[in-house]
Structures are given as C-alpha cells and as structure tokens.
Amino acid sequence: MKPYSLRTWIFLALCCDLGLFAKRMVNPFANLITGALHIPGGISTGFSLMFLATAAALTQGRFCGAAMGAVQSALALSLGMVGSMGALSPVGYIAPGLVIDLVFMATKDRPLSRGERVVLANTLASPAAALAANCIVFHLSGVVLLLYLSIAAASGAFCGVLAARLASRLAPVIKMGPGFEGSAGKGVSI
Amino acid sequence: MKKRSRIFVLIAALAALTAAAAAVRLAVWEGVSEGVLRIESSGTTTDVVFSELELGEVKGTVINGKGEEKSVDARGVSLSGLLDQCQITGFAEVTVEADDAYSAAVAAEEIAVPEKVYLIAQEDGGVKMVVFGDSNSKRSVSNVVCLKVR
C-alpha cells in the first residue's frame, strides 16, 4: 500500500463518510423517481459512489475503492445502517469499490483522461452495486431488472461527471500520487 | 472524438436506454388502486378490496434487519384466511409482490401455520405482509399489490 500522508488519510475518511451519508440525503428525492417507475431503487447509489471514485482517482492507490467500501460497510454495520441487506451489506459496499479499482487499473494505459476514467468507473460501479442488491435482496428479472440497472448506470454516469469535476477541483489541494497533475488556476475541466 | 463528447454520448446512450426501459416497464405494469389486492391463481385474476375483507386485530413482534424487535399492532387478515375467503385451495406457494416489484414467497406449509403470515393495513392506506417468526424482516413486503398463487 502506498504511504499516504495524514492529509490523504483524512481525505479518504471524509470521502467514506460522505459516501455513506450522502445516500441518505438523496434517498427521499430518488424515491420520488423510483416510486413513479415502480422499481425498488437504483438512483442514490451513483451519488454515494462518486466520493469513492473521486478518492480512488486522486489517491491512485491500488484497491483504494474496495478498501473504502470495506470501511464504509464496517461503519454501516456498527451504526446499524445495514438496510435490507442485513449481514450481507458488506458485499453491497465492497463490490462497487472493487469495480472502481478494476476500471482504474484496466484504463491505466488507455488514452483516457482522468475525468473520463472517473465517469466510466462510476458508471460501472453503480450498476454493480445495484446488481449486488438484486442478488441479495430484490431478485428482480426481465424489464424491471433492465430498468433498475440502466437507471443505476445513468445516475452513475451523471454523478461520475460531478465526481470528475470534484476531482478536478480537489486535485490542486490534495496533491498526491506520483506524476500528479494539478490544475490550480486553470479552471475546472473533465 | 473530444473527451467531453465521449462522456456526453455515454450519458445520452444510458439516458435513452433508461427511457426505453421505463416506457416498456410502465406499458406492461398493471397497476391496481391503493388498498386493492390482485390475486392470480390458476390463470384467473381476482381483484379484492382489502378493507372489505373480514379484518381482525393483528398483534405480534417482528425482527428487522438490524436484529431489533418491532411490535406490530394493526388491522389485518391471515394469508390463509384471505385465500379461504377467495376459495383458493390446493397451492404450493404464494409470491407476494409489492408496487416496486419487490417480492417474497411463502410456502403453503408456512401459510397453514396459525398466526404466522398476515396481511395488515398500512397507515397510509396500503397493504403490508408480515411474517412472524422470521429472523429478519426480508419477507415484510410493504405496498402489496399482487399475490401469485402457484
């Protein structure tokens, strides 16, 4: 594991907490949409995961997303925020974190910008979380499952853009990892 | 292709896929009015108004996903009682489906156990299934709209 600075650890802890509690904040609004579409969820996870994607992009650490997912699941279990997944809730946190890591690893040498990689990671991690929830709790199939996964991917992509912008903003402040390219004073771009 | 364009294309494609799936979902979704249960059994469909059933007091304790006990005190009917009222017999399993497609199955043996599986009235007008004796509330289904009897 990379020797992170104290600032980096604090940033990672903050992203873990934000990811965990952001979902609760967005849920009431997300439920308005999912209720109208008669599906059990799938929107708020994309917003929650954007903090993991941001942290993974900025720290550039291997398995950073999975580790943060594990920390989130430990926090959720200790706070009793397990939801309908119960004792299997760690799967729902670690699986999307792992997908984020795999996307960053797979696209490392590809001609993609950091912003594009963040968007792609969040776009794939969100349906991964939805799929985990479906396997453990919902057991949806057919059109309902397709809608559930596609809305998760769409919200993941949209929140991925927000994550990319956030990463771009935070980059000059956090400054970590070798060959890090800050963008202070250059405005925000993805 | 510029990076902004690639992201825009990705979002547009996912939005189009979501819109198409939502259109199909809403087209095939057969909604029922609040408080109405649709019972599908042996190829026939019956709509039952929950408040018009013979309801009684349902009291008990369920255990939620956190392991906490939660008391239940509502008006309702046992699932076996509901099926009796609808004259449905000779089944192996009943799948209870919610408005949001969440579903849970209960076996005929469980339904036959007295004071185990109930449908109760929610405060907001919907109907909820509770299964007493489960170690978690995974089979508590809120906003029940359909019972599929097999």
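**Strand pairing and overall form of chain B**

Strand β3 of chain B and strand β4 of the same chain, the latter spanning residues 69-78, pair in the antiparallel sense over 8 bridges. Within this pairing, the bridge partner of G60(B) is V72(B), a residue of β4(B). The model in which these strands are described is a predicted one.

The pair β3 and β4 of chain B belongs to an open sheet of 4 strands, which follow one another in the order β3-β4-β7-β8 and pair in the antiparallel sense. Because β3 (56-63) and β8 (127-131) of chain B stand at the edges and have a single partner strand each, one side of each is left without a neighbour in the sheet. Neighbouring strands of this sheet are turned against each other by 50 degrees on average, with direction ignored.

Chain B also holds an open sheet of 5 strands, in the order β2-β1-β9-β5-β6, and here the pairing is mixed. The edges are taken by β2 and β6 (103-107) of chain B, each of which has a single partner strand, so that one side of each is left without a neighbour in the sheet. From one strand to the next, the twist in this sheet averages 20 degrees. In general, the strands of a sheet pair through backbone hydrogen bonds, and the arrangement is either parallel or antiparallel.

Within the sheet of 5 strands, β1 (residues 36-41) and β2 (residues 44-49) of chain B pair in the antiparallel sense over 6 bridges. Two of the residue pairs can be named: L37(B) has V48(B) of β2(B) as its bridge partner, and R38(B) is matched in β2(B) by D47(B). The two strands β1(B) and β2(B) form a hairpin with 2 residues between them, and S42(B), which lies in the turn, has a positive phi of about 50 degrees.

Another strand of this sheet, β5 of chain B (residues 93-98), contains V96(B). Because its relative accessibility is 0%, and buried means under 20%, V96(B) counts as buried. When neighbours within four places in sequence are left aside, the residues in contact with V96(B) are Y102(B), S103(B), A104(B), M129(B), V141(B), V144(B), C146(B) and L147(B). Of these contacts, V144(B) is 48 residues away from V96(B) in sequence, while the two C-alpha atoms are 6.8 Å apart in space.

Taken as a whole, the secondary structure of chain B comes to 3 helices and 9 strands, and the elements run from the N terminus in the order α-β-β-β-β-α-β-β-α-β-β-β. Among contacts in chain B between residues at least 6 apart in sequence, 53% join residues that are at least 24 apart. Buried residues account for 41% of the 150 residues in chain B, and the chain exposes about 8200 Å², of which carbon and sulfur atoms supply 50%.

Chain B is divided into domain 1, covering residues 1-30, and domain 2, covering residues 32-149, and the C-alpha centres of these two domains lie 36 Å apart. The radius of gyration of chain B is 19 Å, whereas a compact globule of 150 residues would have a value near 15 Å. Along the principal axes, the C-alpha atoms of chain B fill a box of roughly 65 × 40 × 30 Å.

Definitions and conventions: Residues numbered from 1 in each chain as written. Chains lettered and ligands numbered in written order. Predicted model: local features only at pLDDT ≥ 70, side-chain atom pairs only at ≥ 80, totals over all residues. Heavy atoms only, no water. Pairing = 2+ DSSP bridges. Axes fitted to C-alpha atoms, helices over the stretch in contact; angles between N-to-C directions. Domains from an automatic or database assignment. Rg over C-alpha atoms; globule rule 2.2 N^0.38 Å. Buried < 20%, exposed > 50% of the residue type's maximum accessible area, 1.4 Å probe, protein only. Contact = heavy atoms within 4.5 Å. Areas by Shrake-Rupley, 256 points an atom, 1.4 Å probe, with all protein chains shown as cover.
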